[in-house]
Amino acid sequence: MKFYYCLAILLITVTTDVISQNENSVSFPEDFFGIYTGTLHISSKSGESDIAMEFHLLPTDTLGQYQYTLVYGAEDKKQERAYTLKEKNRAKGEYILDENNGIILHQKVIENRMYTLFEVGDNLLTTFITFEENYMVFDITFAPRAQKNTTYATDKEKTEVISFPITTVQRAVLKKR
């Protein structure tokens with residue numbers, strides 16, 4: 001009798017965990033379609049500044065392609081950058097951001113977070129976009145490759161490690177409209 005009681009509790013626990021996991025799973029990008037607005041805070045060597053920002057992630061008529069638009073500034077200083085997010089291998093979370101000008105950036109999506117690492121003009125940039133239910137967090141870090149710091153481990157292998165000082169951080173918490 002104790003065996004059946006323990007088995008019943010185990011089955012209820014496993015079933016509850018599976019249901020909970022399914023309720024918490026997300027479908028990128030559909031679960032995060034929308035227009036997000038707020039303020040981008042920029043922190044750099046030259047100081048701090050804030051500018052209005054929007055992020056649009058919307059469906060298109062083309063299967064596996066989505067509107068990905070960044071808008072900086074407001075009114076007469078508004079700059080809109082219309083890109084296309086394309087599925088490369090959805091099951092593996094691999095996407096491509098086509099800037100529609102010849103520039104292609106590889107994206108990695110894991111659950112509700114998108115990662116990008118790229119280099120422009122001898123500068124490394126990382127982008128992290130985290131989607132939540134009613135908002136998103138947009139982070140970019142900037143590091144000049146020329147300021148790299150090379151160190152070596154003191155062990156037998158003398159492993160070389162190169163680090164790059166981050167000189168600029170851009171961060172926005174944008175609310176979903």
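Two aromatic rings, from Phe, Tyr or Trp, count as a pair when their centres lie within 6.5 Å. I begin with that definition because the aromatic residues are my main topic today, and the rule underlies the pairs and the cluster I shall describe. Please keep in mind that the structure before you is a predicted model.

Let me first set out the overall architecture. The protein has one helix and 12 strands. Along the sequence, the helix comes at the start of the pattern and the strands follow. The protein has 177 residues, of which 32% count as buried. Its exposed surface is about 11,800 Å², and carbon and sulfur atoms supply 54% of that area. Among contacts with a separation of 6 or more, 36% are between residues 24 or more positions apart.

I now turn to the aromatic rings. A pair of rings is described by the distance of the centres and the angle of the planes. How many aromatic pairs does the rule give? The count comes to 11. Consider F33 and Y66: their ring centres are 5.8 Å apart and their planes stand at 45 degrees, so this pair is tilted. F33 belongs to the loop between α1 (2-24) and β1 (34-44), whereas Y66 sits in strand β3 (residues 65-72), and 33 residues separate them. With a relative accessible area of 7%, Y66 is buried, because the cut-off is under 20%.

A second example is F55 with F131. Here the centres are 6.1 Å apart and the planes are at 55 degrees, so this pair too is tilted. F55 lies in strand β2 (residues 47-59) and F131 in strand β8 (residues 123-131), so the pair ties together parts 76 residues apart in sequence. Are these two residues buried or exposed? F55 is buried, at a relative accessible area of 0%, and F131 is buried as well, at 1%.

Both residues also belong to one aromatic cluster, which is formed by F28, F32, Y36, F55, Y68, Y83, Y95 and F131. Beyond its neighbours within four places in sequence, F131 is in contact with several residues, including F28, F32, Y36 and F55 from the cluster. Its other contacts include L57, N112, M114 and M136.

Finally, the nonpolar core. In soluble globular proteins, nonpolar side chains tend to be buried together. The largest nonpolar core in this model holds 28 residues, and F28, F55, Y68, L85, F131 and F138 touch the most other members. Strand β3 gives this core its largest share, four residues.

Conventions: Residues are numbered from 1 along each chain as its sequence is written. This is a predicted model: local features need pLDDT of at least 70, side-chain atom pairs count only at pLDDT 80 or more; totals for chains, interfaces and linings use all residues. Side-chain values use heavy atoms; hydrogens and water are left out. Helices (H or I, at least four residues) and strands (E, at least two) are DSSP runs, numbered from the N terminus. Buried means under 20% relative accessible area, exposed over 50%, partly exposed in between (1.4 Å probe, protein chains only). Contact means heavy atoms within 4.5 Å. Accessible areas come from the Shrake-Rupley method with a 1.4 Å probe; for residues, only the protein chains shown count as cover. Rings of Phe, Tyr and Trp (its six-membered ring) pair if their centres lie within 6.5 Å; planes under 30 degrees apart count as stacked, over 60 as edge-to-face and the rest as tilted. A nonpolar core is a set of buried Ala, Val, Leu, Ile, Met, Phe, Trp, Tyr and Cys residues joined through side-chain atoms within 4.5 Å.
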